[in-house]
Amino acid sequence: MLIAPLVVLMRVPGLPWAVATATSLMTFAIAISLTSTILDSYSVTYEMGSWPAPYGIELHVTSFSALLLLIVSGASTLALIAGKQSLDTDIEHDRQPLFYAAWLMVLTGLSGIVVTGDAFNIFVFMEIASLASYVVISAGSDRRVLPAVFKYLIMGTIGATFYLIGVGLVYMMTGTLNLADMEARIHEVGELRPILVAAGFITIGLALKAAVFPLHAWLPPTYTYAPHIVTVFLAACSTKVALFVLLRFDFLVFQQNLSGHEVQFTVFLMPLAVLAIMVASVVAVYKQNLKELLAYSSVAQVGYILLGASLVSVPGLTAGILHMFNHALAKGTLFLAVACLGMRFTQLGLVNLSGVAKQMPWSMAAFVLAGLSLIGVPGTAGFISKWMLISASLQEGALGVALVAIILVSSLLAVVYIWRVIELAYFGEPPESTKSVREAPIWMLVGTWVAALMNIYFGIIPALPVALAGEASSSLLQHLP
Amino acid sequence: MELFGLYNYWVFTVVLMIGFYAVIAKGNLIKKLIGLSIFQSAVFLLYITMDKVDGGTAPIVQKGVTDQVFSNPLPQVLILTAIVVGISTTALGLAIVVRIKEAYGTIEEQEVQSLDRDQ
(Lines give C-alpha, C1' and ligand atoms only; values in the text may rest on other atoms or scores of the structure.)
Protein backbone atom coordinates (compact mmCIF):
# COMPACT_ATOMS: atom_id res chain seq x y z
CA MET A 1 0.00 0.00 0.00
CA LEU A 2 2.83 2.38 0.73
CA ILE A 3 4.45 1.62 -2.59
CA ALA A 4 1.40 2.54 -4.64
CA PRO A 5 1.78 6.33 -4.50
CA LEU A 6 5.46 5.98 -5.37
CA VAL A 7 4.55 4.01 -8.46
CA VAL A 8 2.43 6.89 -9.70
CA LEU A 9 5.53 9.02 -9.83
CA MET A 10 7.49 6.59 -11.94
CA ARG A 11 7.53 7.62 -15.55
CA VAL A 12 10.33 5.37 -16.78
CA PRO A 13 8.68 2.76 -18.99
CA GLY A 14 8.80 -0.73 -17.54
CA LEU A 15 9.62 0.46 -14.06
CA PRO A 16 6.06 0.63 -12.70
CA TRP A 17 5.51 -2.95 -13.75
CA ALA A 18 8.77 -4.04 -12.15
CA VAL A 19 8.01 -2.35 -8.85
CA ALA A 20 4.44 -3.64 -8.80
CA THR A 21 5.62 -7.17 -9.48
CA ALA A 22 8.33 -6.95 -6.84
CA THR A 23 5.79 -5.74 -4.28
CA SER A 24 3.40 -8.49 -5.25
CA LEU A 25 6.18 -11.08 -4.90
CA MET A 26 7.05 -9.77 -1.45
CA THR A 27 3.41 -10.04 -0.44
CA PHE A 28 3.33 -13.59 -1.71
CA ALA A 29 6.47 -14.45 0.27
CA ILE A 30 4.90 -12.97 3.38
CA ALA A 31 1.76 -14.98 2.72
CA ILE A 32 3.78 -18.19 2.49
CA SER A 33 5.62 -17.49 5.73
CA LEU A 34 2.34 -16.60 7.45
CA THR A 35 0.87 -19.85 6.21
CA SER A 36 3.68 -21.90 7.71
CA THR A 37 3.21 -20.08 11.02
CA ILE A 38 -0.52 -20.75 10.89
CA LEU A 39 -0.01 -24.42 10.21
CA ASP A 40 1.94 -24.60 13.45
CA SER A 41 0.03 -22.35 15.75
CA TYR A 42 -3.43 -21.81 14.30
CA SER A 43 -3.68 -18.07 14.47
CA VAL A 44 -1.67 -14.90 14.67
CA THR A 45 -2.86 -11.64 16.12
CA TYR A 46 -1.38 -8.19 16.06
CA GLU A 47 -2.64 -5.00 17.62
CA MET A 48 -2.37 -1.95 15.43
CA GLY A 49 -0.55 0.87 17.15
CA SER A 50 -0.37 -1.26 20.29
CA TRP A 51 -3.86 -0.19 21.34
CA PRO A 52 -5.20 -3.26 23.11
CA ALA A 53 -8.23 -4.94 21.66
CA PRO A 54 -11.15 -4.35 21.81
CA TYR A 55 -10.43 -0.64 21.81
CA GLY A 56 -7.88 -0.84 19.06
CA ILE A 57 -8.05 -2.45 15.66
CA GLU A 58 -6.67 -5.93 15.70
CA LEU A 59 -5.23 -7.97 12.85
CA HIS A 60 -6.22 -11.55 13.26
CA VAL A 61 -4.87 -14.12 10.82
CA THR A 62 -6.40 -17.59 10.85
CA SER A 63 -6.06 -20.54 8.52
CA PHE A 64 -8.98 -19.25 6.44
CA SER A 65 -7.17 -15.94 6.08
CA ALA A 66 -3.92 -17.68 5.20
CA LEU A 67 -5.56 -19.67 2.43
CA LEU A 68 -7.12 -16.57 0.94
CA LEU A 69 -3.95 -14.56 1.33
CA LEU A 70 -2.15 -17.20 -0.70
CA ILE A 71 -4.82 -16.99 -3.38
CA VAL A 72 -4.82 -13.19 -3.53
CA SER A 73 -1.08 -12.58 -3.51
CA GLY A 74 -0.35 -15.61 -5.68
CA ALA A 75 -2.90 -14.57 -8.30
CA SER A 76 -1.61 -11.00 -8.31
CA THR A 77 2.01 -12.11 -8.69
CA LEU A 78 1.35 -14.63 -11.41
CA ALA A 79 -0.91 -12.25 -13.32
CA LEU A 80 1.69 -9.49 -13.19
CA ILE A 81 4.62 -11.72 -14.13
CA ALA A 82 2.86 -13.52 -16.94
CA GLY A 83 0.95 -10.56 -18.16
CA LYS A 84 3.55 -7.92 -18.81
CA GLN A 85 3.22 -7.97 -22.59
CA SER A 86 -0.54 -8.19 -22.49
CA LEU A 87 -0.74 -5.16 -20.23
CA ASP A 88 1.79 -3.28 -22.37
CA THR A 89 -0.51 -3.65 -25.36
CA ASP A 90 -3.72 -2.90 -23.49
CA ILE A 91 -2.70 0.20 -21.60
CA GLU A 92 -0.95 3.29 -22.95
CA HIS A 93 2.50 3.92 -21.56
CA ASP A 94 1.81 7.20 -19.88
CA ARG A 95 -1.16 5.68 -18.04
CA GLN A 96 0.81 2.70 -16.80
CA PRO A 97 2.08 4.18 -13.53
CA LEU A 98 -1.50 4.99 -12.54
CA PHE A 99 -2.68 1.55 -13.55
CA TYR A 100 -0.05 -0.30 -11.53
CA ALA A 101 -0.62 1.95 -8.55
CA ALA A 102 -4.31 1.08 -8.65
CA TRP A 103 -3.45 -2.62 -9.03
CA LEU A 104 -1.35 -2.43 -5.86
CA MET A 105 -4.27 -0.78 -4.06
CA VAL A 106 -6.52 -3.67 -5.08
CA LEU A 107 -3.93 -6.06 -3.66
CA THR A 108 -3.80 -3.97 -0.49
CA GLY A 109 -7.54 -3.90 -0.07
CA LEU A 110 -8.08 -7.60 -0.67
CA SER A 111 -5.21 -8.60 1.62
CA GLY A 112 -6.42 -6.20 4.28
CA ILE A 113 -9.89 -7.69 4.28
CA VAL A 114 -8.62 -11.15 5.04
CA VAL A 115 -6.22 -10.24 7.83
CA THR A 116 -8.23 -7.80 9.87
CA GLY A 117 -10.27 -8.70 12.91
CA ASP A 118 -12.39 -5.55 13.05
CA ALA A 119 -15.72 -5.28 11.30
CA PHE A 120 -15.44 -1.65 10.24
CA ASN A 121 -11.87 -2.16 9.06
CA ILE A 122 -13.28 -4.79 6.72
CA PHE A 123 -15.57 -2.12 5.25
CA VAL A 124 -12.66 0.29 4.76
CA PHE A 125 -10.47 -2.28 3.03
CA MET A 126 -13.42 -3.55 1.02
CA GLU A 127 -14.00 -0.09 -0.38
CA ILE A 128 -10.28 0.43 -1.03
CA ALA A 129 -10.25 -2.77 -3.04
CA SER A 130 -13.50 -1.97 -4.84
CA LEU A 131 -12.62 1.59 -5.81
CA ALA A 132 -9.19 0.53 -7.03
CA SER A 133 -10.69 -2.34 -8.99
CA TYR A 134 -13.13 0.04 -10.72
CA VAL A 135 -10.04 1.93 -11.85
CA VAL A 136 -8.12 -1.08 -13.16
CA ILE A 137 -11.20 -2.46 -14.88
CA SER A 138 -11.95 0.79 -16.66
CA ALA A 139 -8.54 0.62 -18.34
CA GLY A 140 -10.11 -1.76 -20.85
CA SER A 141 -10.08 -0.66 -24.43
CA ASP A 142 -13.59 -1.63 -25.55
CA ARG A 143 -15.99 1.22 -24.77
CA ARG A 144 -18.52 -1.26 -23.35
CA VAL A 145 -16.31 -1.48 -20.27
CA LEU A 146 -17.64 1.90 -19.17
CA PRO A 147 -21.33 1.02 -18.59
CA ALA A 148 -20.10 -2.28 -17.14
CA VAL A 149 -17.87 -0.63 -14.56
CA PHE A 150 -20.57 1.95 -13.80
CA LYS A 151 -23.01 -0.84 -13.05
CA TYR A 152 -20.37 -2.52 -10.89
CA LEU A 153 -19.77 0.77 -9.06
CA ILE A 154 -23.46 1.26 -8.28
CA MET A 155 -24.09 -2.32 -7.23
CA GLY A 156 -20.83 -2.58 -5.30
CA THR A 157 -21.46 0.62 -3.39
CA ILE A 158 -25.00 -0.45 -2.51
CA GLY A 159 -23.55 -3.73 -1.27
CA ALA A 160 -20.93 -2.02 0.84
CA THR A 161 -23.50 0.39 2.25
CA PHE A 162 -25.80 -2.47 3.24
CA TYR A 163 -22.83 -4.06 4.97
CA LEU A 164 -22.23 -0.77 6.77
CA ILE A 165 -25.85 -0.60 7.95
CA GLY A 166 -25.54 -4.15 9.26
CA VAL A 167 -22.34 -3.39 11.14
CA GLY A 168 -23.93 -0.27 12.59
CA LEU A 169 -26.88 -2.26 13.90
CA VAL A 170 -24.62 -4.86 15.47
CA TYR A 171 -22.52 -2.10 17.05
CA MET A 172 -25.68 -0.57 18.42
CA MET A 173 -26.50 -3.77 20.24
CA THR A 174 -23.07 -5.01 21.30
CA GLY A 175 -20.96 -1.87 21.58
CA THR A 176 -17.96 -3.34 19.84
CA LEU A 177 -16.55 -3.71 16.35
CA ASN A 178 -13.95 -6.35 17.07
CA LEU A 179 -15.19 -9.62 15.61
CA ALA A 180 -13.96 -11.83 18.42
CA ASP A 181 -15.41 -9.50 21.02
CA MET A 182 -18.69 -9.35 19.14
CA GLU A 183 -18.86 -13.10 19.30
CA ALA A 184 -18.63 -12.95 23.06
CA ARG A 185 -20.89 -10.00 23.64
CA ILE A 186 -23.73 -11.10 21.46
CA HIS A 187 -24.74 -13.62 24.12
CA GLU A 188 -25.66 -10.76 26.44
CA VAL A 189 -27.83 -8.89 24.01
CA GLY A 190 -31.43 -8.55 25.11
CA GLU A 191 -33.26 -7.56 21.94
CA LEU A 192 -32.36 -9.93 19.18
CA ARG A 193 -34.35 -8.34 16.37
CA PRO A 194 -31.76 -5.73 15.38
CA ILE A 195 -29.21 -8.52 15.20
CA LEU A 196 -31.46 -10.44 12.86
CA VAL A 197 -31.95 -7.37 10.69
CA ALA A 198 -28.22 -6.78 10.75
CA ALA A 199 -27.63 -10.35 9.60
CA GLY A 200 -29.99 -9.74 6.72
CA PHE A 201 -28.34 -6.51 5.66
CA ILE A 202 -24.83 -7.93 5.92
CA THR A 203 -25.72 -11.05 3.99
CA ILE A 204 -27.35 -9.13 1.15
CA GLY A 205 -24.56 -6.57 1.02
CA LEU A 206 -21.85 -9.20 0.81
CA ALA A 207 -23.91 -11.27 -1.62
CA LEU A 208 -23.93 -8.25 -3.94
CA LYS A 209 -20.17 -8.08 -3.72
CA ALA A 210 -19.77 -11.81 -4.21
CA ALA A 211 -22.06 -12.01 -7.25
CA VAL A 212 -24.45 -14.47 -5.67
CA PHE A 213 -27.37 -15.17 -7.98
CA PRO A 214 -29.56 -13.08 -8.55
CA LEU A 215 -27.27 -10.20 -7.63
CA HIS A 216 -24.63 -11.25 -10.13
CA ALA A 217 -25.56 -8.87 -12.97
CA TRP A 218 -22.40 -6.80 -12.66
CA LEU A 219 -20.02 -9.71 -13.11
CA PRO A 220 -20.29 -10.88 -16.74
CA PRO A 221 -19.90 -7.50 -18.47
CA THR A 222 -17.12 -6.47 -16.06
CA TYR A 223 -15.04 -9.61 -16.59
CA THR A 224 -15.67 -9.53 -20.35
CA TYR A 225 -14.54 -6.00 -21.09
CA ALA A 226 -11.79 -5.47 -18.52
CA PRO A 227 -8.18 -5.85 -19.68
CA HIS A 228 -7.42 -9.58 -19.87
CA ILE A 229 -4.88 -9.66 -17.08
CA VAL A 230 -7.16 -7.65 -14.82
CA THR A 231 -9.79 -10.33 -15.34
CA VAL A 232 -7.23 -12.96 -14.31
CA PHE A 233 -6.64 -11.21 -11.01
CA LEU A 234 -10.24 -10.28 -10.26
CA ALA A 235 -11.77 -13.59 -11.31
CA ALA A 236 -9.40 -15.40 -9.02
CA CYS A 237 -9.93 -13.17 -5.99
CA SER A 238 -12.67 -10.61 -5.63
CA THR A 239 -15.72 -12.81 -5.18
CA LYS A 240 -13.83 -15.22 -2.93
CA VAL A 241 -12.84 -12.47 -0.53
CA ALA A 242 -16.44 -11.24 -0.27
CA LEU A 243 -17.56 -14.79 0.46
CA PHE A 244 -14.79 -15.02 3.08
CA VAL A 245 -16.26 -12.04 4.92
CA LEU A 246 -19.76 -13.44 4.62
CA LEU A 247 -18.81 -16.82 6.03
CA ARG A 248 -16.63 -15.39 8.76
CA PHE A 249 -19.21 -12.88 9.93
CA ASP A 250 -22.05 -15.30 9.76
CA PHE A 251 -20.45 -18.27 11.42
CA LEU A 252 -18.53 -16.38 14.04
CA VAL A 253 -21.01 -13.77 15.04
CA PHE A 254 -24.50 -14.83 14.09
CA GLN A 255 -24.77 -18.57 13.90
CA GLN A 256 -24.57 -19.52 17.48
CA ASN A 257 -26.52 -16.64 18.86
CA LEU A 258 -29.65 -16.56 16.81
CA SER A 259 -31.48 -19.77 17.43
CA GLY A 260 -32.47 -21.50 14.27
CA HIS A 261 -30.10 -19.32 12.29
CA GLU A 262 -28.39 -22.34 10.79
CA VAL A 263 -31.68 -23.36 9.31
CA GLN A 264 -32.37 -19.85 8.05
CA PHE A 265 -28.90 -19.73 6.50
CA THR A 266 -29.44 -23.01 4.72
CA VAL A 267 -32.98 -22.30 3.63
CA PHE A 268 -32.07 -18.92 2.24
CA LEU A 269 -28.73 -19.60 0.63
CA MET A 270 -29.01 -23.14 -0.63
CA PRO A 271 -31.72 -22.42 -3.23
CA LEU A 272 -29.77 -19.39 -4.40
CA ALA A 273 -26.64 -21.50 -4.67
CA VAL A 274 -28.45 -24.18 -6.65
CA LEU A 275 -30.03 -21.58 -8.94
CA ALA A 276 -26.64 -19.97 -9.47
CA ILE A 277 -25.10 -23.27 -10.46
CA MET A 278 -27.84 -24.34 -12.83
CA VAL A 279 -28.86 -21.05 -14.43
CA ALA A 280 -25.37 -19.68 -14.88
CA SER A 281 -24.09 -22.93 -16.38
CA VAL A 282 -26.99 -23.04 -18.83
CA VAL A 283 -26.46 -19.40 -19.83
CA ALA A 284 -22.74 -20.07 -20.29
CA VAL A 285 -23.55 -22.77 -22.84
CA TYR A 286 -25.21 -20.21 -25.10
CA LYS A 287 -22.75 -17.35 -24.88
CA GLN A 288 -20.80 -16.37 -27.98
CA ASN A 289 -17.96 -14.45 -26.42
CA LEU A 290 -15.22 -16.50 -24.76
CA LYS A 291 -14.73 -14.23 -21.77
CA GLU A 292 -18.46 -13.85 -21.20
CA LEU A 293 -18.79 -17.63 -21.18
CA LEU A 294 -16.09 -17.95 -18.55
CA ALA A 295 -17.66 -15.12 -16.54
CA TYR A 296 -20.99 -16.94 -16.29
CA SER A 297 -19.06 -20.04 -15.35
CA SER A 298 -17.60 -18.01 -12.46
CA VAL A 299 -21.10 -17.17 -11.24
CA ALA A 300 -21.84 -20.90 -11.23
CA GLN A 301 -18.67 -21.62 -9.25
CA VAL A 302 -19.64 -19.06 -6.62
CA GLY A 303 -22.77 -21.17 -6.36
CA TYR A 304 -20.70 -24.26 -5.61
CA ILE A 305 -18.83 -22.47 -2.84
CA LEU A 306 -22.06 -21.25 -1.33
CA LEU A 307 -23.62 -24.70 -1.65
CA GLY A 308 -20.80 -26.18 0.40
CA ALA A 309 -21.17 -23.44 2.98
CA SER A 310 -24.95 -23.72 3.21
CA LEU A 311 -24.67 -27.34 4.27
CA VAL A 312 -23.41 -25.97 7.62
CA SER A 313 -21.32 -29.02 8.36
CA VAL A 314 -17.57 -29.38 8.63
CA PRO A 315 -17.23 -31.45 5.43
CA GLY A 316 -19.52 -29.08 3.53
CA LEU A 317 -17.76 -25.94 4.62
CA THR A 318 -14.35 -27.53 3.95
CA ALA A 319 -15.47 -28.40 0.43
CA GLY A 320 -16.72 -24.88 -0.15
CA ILE A 321 -13.56 -23.22 1.12
CA LEU A 322 -11.37 -25.63 -0.80
CA HIS A 323 -13.32 -24.79 -3.92
CA MET A 324 -12.39 -21.15 -3.45
CA PHE A 325 -8.76 -22.17 -3.83
CA ASN A 326 -9.28 -24.58 -6.69
CA HIS A 327 -11.56 -22.33 -8.65
CA ALA A 328 -9.08 -19.48 -8.30
CA LEU A 329 -6.46 -21.77 -9.83
CA ALA A 330 -8.71 -23.01 -12.63
CA LYS A 331 -10.26 -19.67 -13.58
CA GLY A 332 -6.95 -17.87 -13.24
CA THR A 333 -5.37 -20.28 -15.70
CA LEU A 334 -8.33 -20.08 -18.07
CA PHE A 335 -8.22 -16.31 -18.17
CA LEU A 336 -4.42 -16.37 -18.55
CA ALA A 337 -4.86 -18.61 -21.59
CA VAL A 338 -7.48 -16.13 -22.85
CA ALA A 339 -4.94 -13.35 -22.34
CA CYS A 340 -2.50 -15.30 -24.51
CA LEU A 341 -5.18 -15.55 -27.17
CA GLY A 342 -5.94 -11.88 -26.66
CA MET A 343 -2.39 -10.99 -27.63
CA ARG A 344 -3.12 -12.11 -31.16
CA PHE A 345 -6.86 -11.59 -31.49
CA THR A 346 -8.70 -8.41 -30.68
CA GLN A 347 -12.15 -9.95 -30.92
CA LEU A 348 -12.71 -12.90 -28.65
CA GLY A 349 -16.00 -14.06 -30.06
CA LEU A 350 -16.08 -17.79 -30.57
CA VAL A 351 -16.50 -17.40 -34.31
CA ASN A 352 -13.18 -15.59 -34.55
CA LEU A 353 -11.40 -18.31 -32.63
CA SER A 354 -12.22 -21.20 -34.90
CA GLY A 355 -9.20 -23.35 -35.60
CA VAL A 356 -6.95 -21.37 -33.29
CA ALA A 357 -5.43 -24.50 -31.78
CA LYS A 358 -3.39 -25.10 -34.90
CA GLN A 359 -1.80 -21.69 -34.60
CA MET A 360 -1.55 -21.41 -30.81
CA PRO A 361 -1.26 -24.97 -29.56
CA TRP A 362 0.35 -24.17 -26.23
CA SER A 363 -2.24 -21.60 -25.19
CA MET A 364 -5.12 -23.89 -26.07
CA ALA A 365 -3.51 -26.85 -24.32
CA ALA A 366 -3.30 -24.81 -21.10
CA PHE A 367 -6.94 -23.84 -21.64
CA VAL A 368 -7.88 -27.51 -21.97
CA LEU A 369 -6.05 -28.42 -18.75
CA ALA A 370 -7.72 -25.67 -16.80
CA GLY A 371 -11.06 -26.53 -18.37
CA LEU A 372 -10.66 -30.09 -17.14
CA SER A 373 -10.02 -28.73 -13.66
CA LEU A 374 -13.16 -26.63 -13.92
CA ILE A 375 -15.19 -29.69 -14.89
CA GLY A 376 -13.64 -31.74 -12.13
CA VAL A 377 -11.83 -34.49 -13.97
CA PRO A 378 -9.82 -36.74 -11.59
CA GLY A 379 -6.19 -35.70 -11.42
CA THR A 380 -6.98 -32.01 -11.38
CA ALA A 381 -7.62 -29.70 -8.47
CA GLY A 382 -11.27 -29.21 -9.35
CA PHE A 383 -11.91 -32.90 -8.82
CA ILE A 384 -10.85 -32.74 -5.19
CA SER A 385 -13.30 -30.02 -4.23
CA LYS A 386 -16.18 -31.49 -6.25
CA TRP A 387 -15.57 -34.88 -4.66
CA MET A 388 -15.60 -33.36 -1.20
CA LEU A 389 -18.74 -31.42 -2.04
CA ILE A 390 -20.48 -34.59 -3.19
CA SER A 391 -19.46 -36.58 -0.15
CA ALA A 392 -20.54 -33.72 2.12
CA SER A 393 -23.93 -33.57 0.37
CA LEU A 394 -24.44 -37.30 0.67
CA GLN A 395 -24.35 -36.92 4.43
CA GLU A 396 -27.51 -34.88 4.27
CA GLY A 397 -29.85 -37.68 3.35
CA ALA A 398 -32.54 -37.29 0.72
CA LEU A 399 -31.82 -33.62 0.08
CA GLY A 400 -28.20 -34.60 -0.38
CA VAL A 401 -28.99 -37.01 -3.19
CA ALA A 402 -30.84 -34.22 -5.03
CA LEU A 403 -27.86 -31.93 -4.52
CA VAL A 404 -25.49 -34.56 -5.86
CA ALA A 405 -27.67 -34.85 -8.95
CA ILE A 406 -27.50 -31.09 -9.42
CA ILE A 407 -23.73 -31.08 -9.02
CA LEU A 408 -23.35 -33.85 -11.58
CA VAL A 409 -25.72 -32.23 -14.08
CA SER A 410 -23.92 -28.92 -13.79
CA SER A 411 -20.56 -30.62 -14.25
CA LEU A 412 -21.95 -32.06 -17.46
CA LEU A 413 -23.04 -28.57 -18.48
CA ALA A 414 -19.49 -27.42 -17.80
CA VAL A 415 -18.30 -30.17 -20.11
CA VAL A 416 -20.67 -28.79 -22.76
CA TYR A 417 -19.47 -25.23 -22.63
CA ILE A 418 -15.80 -26.10 -22.36
CA TRP A 419 -16.18 -28.60 -25.18
CA ARG A 420 -17.78 -25.95 -27.40
CA VAL A 421 -14.63 -23.91 -27.14
CA ILE A 422 -12.34 -26.88 -27.60
CA GLU A 423 -14.26 -28.18 -30.58
CA LEU A 424 -14.17 -24.84 -32.33
CA ALA A 425 -10.52 -24.33 -31.54
CA TYR A 426 -9.25 -27.76 -32.45
CA PHE A 427 -11.61 -28.94 -35.13
CA GLY A 428 -12.66 -25.72 -36.79
CA GLU A 429 -11.18 -24.13 -39.84
CA PRO A 430 -9.35 -20.87 -39.27
CA PRO A 431 -10.88 -18.00 -41.23
CA GLU A 432 -8.67 -16.51 -43.95
CA SER A 433 -7.87 -13.33 -42.08
CA THR A 434 -6.20 -15.09 -39.17
CA LYS A 435 -4.12 -17.69 -40.97
CA SER A 436 -0.88 -15.94 -40.15
CA VAL A 437 -1.37 -15.75 -36.38
CA ARG A 438 1.61 -16.94 -34.33
CA GLU A 439 1.84 -18.31 -30.82
CA ALA A 440 1.70 -15.96 -27.82
CA PRO A 441 4.93 -14.50 -26.38
CA ILE A 442 6.99 -17.14 -24.61
CA TRP A 443 6.95 -15.36 -21.27
CA MET A 444 3.17 -15.34 -21.15
CA LEU A 445 3.07 -18.99 -22.09
CA VAL A 446 5.45 -19.88 -19.28
CA GLY A 447 3.26 -18.09 -16.77
CA THR A 448 0.10 -19.71 -18.10
CA TRP A 449 1.65 -23.15 -17.97
CA VAL A 450 2.90 -22.64 -14.41
CA ALA A 451 -0.71 -21.96 -13.44
CA ALA A 452 -1.98 -24.92 -15.45
CA LEU A 453 0.52 -27.30 -13.89
CA MET A 454 -0.41 -26.08 -10.43
CA ASN A 455 -3.91 -27.27 -11.16
CA ILE A 456 -2.52 -30.76 -11.71
CA TYR A 457 -0.18 -30.55 -8.73
CA PHE A 458 -2.91 -29.61 -6.33
CA GLY A 459 -5.10 -32.28 -7.86
CA ILE A 460 -2.62 -34.99 -7.00
CA ILE A 461 -1.19 -33.59 -3.76
CA PRO A 462 -3.94 -31.47 -2.22
CA ALA A 463 -2.50 -31.67 1.27
CA LEU A 464 -1.85 -27.99 1.81
CA PRO A 465 -5.14 -26.42 0.76
CA VAL A 466 -7.15 -29.26 2.25
CA ALA A 467 -5.40 -28.85 5.59
CA LEU A 468 -6.01 -25.11 5.61
CA ALA A 469 -9.61 -25.46 4.51
CA GLY A 470 -10.29 -28.17 7.07
CA GLU A 471 -8.86 -26.10 9.90
CA ALA A 472 -10.77 -23.07 8.70
CA SER A 473 -14.11 -24.81 8.64
CA SER A 474 -13.68 -26.53 11.98
CA SER A 475 -12.73 -23.25 13.64
CA LEU A 476 -15.68 -21.50 12.06
CA LEU A 477 -18.09 -24.18 13.19
CA GLN A 478 -16.64 -24.93 16.60
CA HIS A 479 -19.43 -23.19 18.43
CA LEU A 480 -22.25 -24.99 16.79
CA PRO A 481 -23.93 -27.67 18.87
CA MET B 1 -43.17 8.97 23.40
CA GLU B 2 -41.71 5.97 21.59
CA LEU B 3 -42.57 7.10 18.12
CA PHE B 4 -41.14 10.53 18.68
CA GLY B 5 -37.90 9.17 20.07
CA LEU B 6 -37.57 6.94 17.03
CA TYR B 7 -38.16 9.86 14.66
CA ASN B 8 -34.58 9.84 13.44
CA TYR B 9 -34.81 6.19 12.52
CA TRP B 10 -37.95 6.83 10.49
CA VAL B 11 -36.16 9.60 8.63
CA PHE B 12 -33.27 7.22 8.04
CA THR B 13 -35.54 4.64 6.48
CA VAL B 14 -37.36 7.15 4.28
CA VAL B 15 -34.16 8.76 3.00
CA LEU B 16 -32.62 5.32 2.40
CA MET B 17 -35.52 4.27 0.25
CA ILE B 18 -35.65 7.56 -1.64
CA GLY B 19 -31.99 7.15 -2.54
CA PHE B 20 -32.42 3.50 -3.44
CA TYR B 21 -35.43 4.31 -5.62
CA ALA B 22 -33.45 6.95 -7.46
CA VAL B 23 -30.63 4.52 -8.13
CA ILE B 24 -32.93 1.89 -9.54
CA ALA B 25 -35.61 3.87 -11.31
CA LYS B 26 -33.86 6.82 -12.87
CA GLY B 27 -32.33 6.38 -16.30
CA ASN B 28 -29.95 9.33 -16.26
CA LEU B 29 -26.56 8.23 -14.92
CA ILE B 30 -26.03 11.45 -12.95
CA LYS B 31 -29.37 10.96 -11.22
CA LYS B 32 -28.28 7.46 -10.28
CA LEU B 33 -25.18 8.87 -8.67
CA ILE B 34 -27.22 11.46 -6.80
CA GLY B 35 -29.45 8.67 -5.56
CA LEU B 36 -26.38 6.76 -4.40
CA SER B 37 -25.22 9.80 -2.41
CA ILE B 38 -28.61 10.17 -0.77
CA PHE B 39 -28.55 6.46 0.03
CA GLN B 40 -25.20 6.80 1.75
CA SER B 41 -26.26 9.92 3.66
CA ALA B 42 -29.07 7.94 5.22
CA VAL B 43 -26.54 5.52 6.66
CA PHE B 44 -24.56 8.40 8.15
CA LEU B 45 -27.75 9.56 9.87
CA LEU B 46 -28.21 6.10 11.35
CA TYR B 47 -24.74 6.07 12.87
CA ILE B 48 -24.93 9.60 14.26
CA THR B 49 -28.33 8.95 15.77
CA MET B 50 -27.15 5.90 17.59
CA ASP B 51 -24.24 7.63 19.22
CA LYS B 52 -26.02 10.64 20.65
CA VAL B 53 -26.14 10.24 24.39
CA ASP B 54 -28.90 12.10 26.27
CA GLY B 55 -27.35 15.28 27.54
CA GLY B 56 -24.06 14.40 25.97
CA THR B 57 -21.85 16.97 24.37
CA ALA B 58 -19.03 16.92 21.85
CA PRO B 59 -16.45 14.32 22.92
CA ILE B 60 -13.54 16.65 23.58
CA VAL B 61 -11.80 16.34 26.92
CA GLN B 62 -11.42 19.70 28.64
CA LYS B 63 -8.84 20.46 31.24
CA GLY B 64 -10.26 20.43 34.72
CA VAL B 65 -13.67 19.10 33.81
CA THR B 66 -14.07 15.52 34.98
CA ASP B 67 -17.78 14.76 35.18
CA GLN B 68 -18.86 15.68 31.67
CA VAL B 69 -21.19 13.35 29.78
CA PHE B 70 -19.91 12.84 26.24
CA SER B 71 -21.56 11.57 23.12
CA ASN B 72 -19.93 8.42 21.87
CA PRO B 73 -17.09 9.45 19.57
CA LEU B 74 -16.61 6.11 17.84
CA PRO B 75 -19.52 6.23 15.38
CA GLN B 76 -18.60 9.82 14.57
CA VAL B 77 -15.19 8.62 13.48
CA LEU B 78 -16.74 5.78 11.51
CA ILE B 79 -18.93 8.27 9.71
CA LEU B 80 -15.99 10.47 8.80
CA THR B 81 -14.40 7.44 7.17
CA ALA B 82 -17.62 6.51 5.43
CA ILE B 83 -18.07 10.08 4.16
CA VAL B 84 -14.61 9.96 2.63
CA VAL B 85 -15.40 6.64 0.99
CA GLY B 86 -18.64 8.13 -0.33
CA ILE B 87 -16.84 11.12 -1.79
CA SER B 88 -14.30 8.91 -3.54
CA THR B 89 -17.03 6.72 -4.95
CA THR B 90 -19.00 9.71 -6.24
CA ALA B 91 -15.88 11.23 -7.77
CA LEU B 92 -15.01 7.96 -9.49
CA GLY B 93 -18.58 7.54 -10.68
CA LEU B 94 -18.63 11.01 -12.16
CA ALA B 95 -15.31 10.38 -13.92
CA ILE B 96 -16.80 7.26 -15.47
CA VAL B 97 -19.88 9.24 -16.56
CA VAL B 98 -17.61 11.77 -18.27
CA ARG B 99 -15.91 8.95 -20.16
CA ILE B 100 -19.26 7.43 -21.07
CA LYS B 101 -20.35 10.79 -22.47
CA GLU B 102 -17.18 10.93 -24.54
CA ALA B 103 -17.57 7.39 -25.81
CA TYR B 104 -21.32 7.23 -26.36
CA GLY B 105 -22.43 10.84 -26.64
CA THR B 106 -25.20 10.33 -24.10
CA ILE B 107 -25.69 9.74 -20.41
CA GLU B 108 -29.07 8.08 -20.52
CA GLU B 109 -28.77 4.45 -19.56
CA GLN B 110 -31.40 3.30 -22.11
CA GLU B 111 -29.64 4.99 -25.00
CA VAL B 112 -26.29 3.53 -23.98
CA GLN B 113 -27.83 0.06 -23.91
CA SER B 114 -29.46 0.44 -27.32
CA LEU B 115 -26.22 1.75 -28.79
CA ASP B 116 -24.47 -1.31 -27.43
CA ARG B 117 -27.09 -3.64 -28.80
CA ASP B 118 -26.87 -2.17 -32.27
CA GLN B 119 -23.10 -2.39 -32.32
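Chain A of this predicted model is assigned two domains, with domain 1 covering residues 1-259 and domain 2 covering residues 269-481. Where these two domains meet, 40 residues of domain 1 of chain A and 47 residues of domain 2 of chain A make up the contact.

If you would like to trace the domain 1 side of that contact, look for four helices of chain A: H3 (63-82), H4 (84-90), H10 (219-225) and H11 (228-254) each supply at least two residues to it. H11(A) gives the most, with 13 residues. In chemical terms, this side of domain 1 of chain A has 25 nonpolar, 13 polar and 2 charged residues.

Now turn to the partner chain. Here, 21 residues of chain A are in contact with 24 residues of chain B. On the chain A side, the elements that give two or more residues are helix H6 (119-137) and helix H7 (145-174). H7(A) gives the most to this side, with 13 residues. The residues of chain A that touch chain B divide into 14 nonpolar, 4 polar and 3 charged.

Finally, let's visit a single residue, A:Arg344. You will find A:Arg344 in helix H14 of chain A, which runs over residues 314-344. A:Arg344 counts as partly exposed because it has 17 C-beta neighbours inside 10 Å, a count that lies between the limit of 12 or fewer for exposed and that of 20 or more for buried. To get your bearings, you can also pick out A:Met360: this residue is 16 residues away from A:Arg344 along the chain, and the C-alpha atoms of the two are separated by 9.4 Å.

Definitions and conventions. Residues numbered from 1 in each chain as written. Chains lettered and ligands numbered in written order. Predicted model: local features only at pLDDT ≥ 70, side-chain atom pairs only at ≥ 80, totals over all residues. Domains from an automatic or database assignment. Contact = placed C-beta atoms within 7 Å. Nonpolar A, V, L, I, M, F, W, Y, C, P; charged D, E, K, R; others polar.
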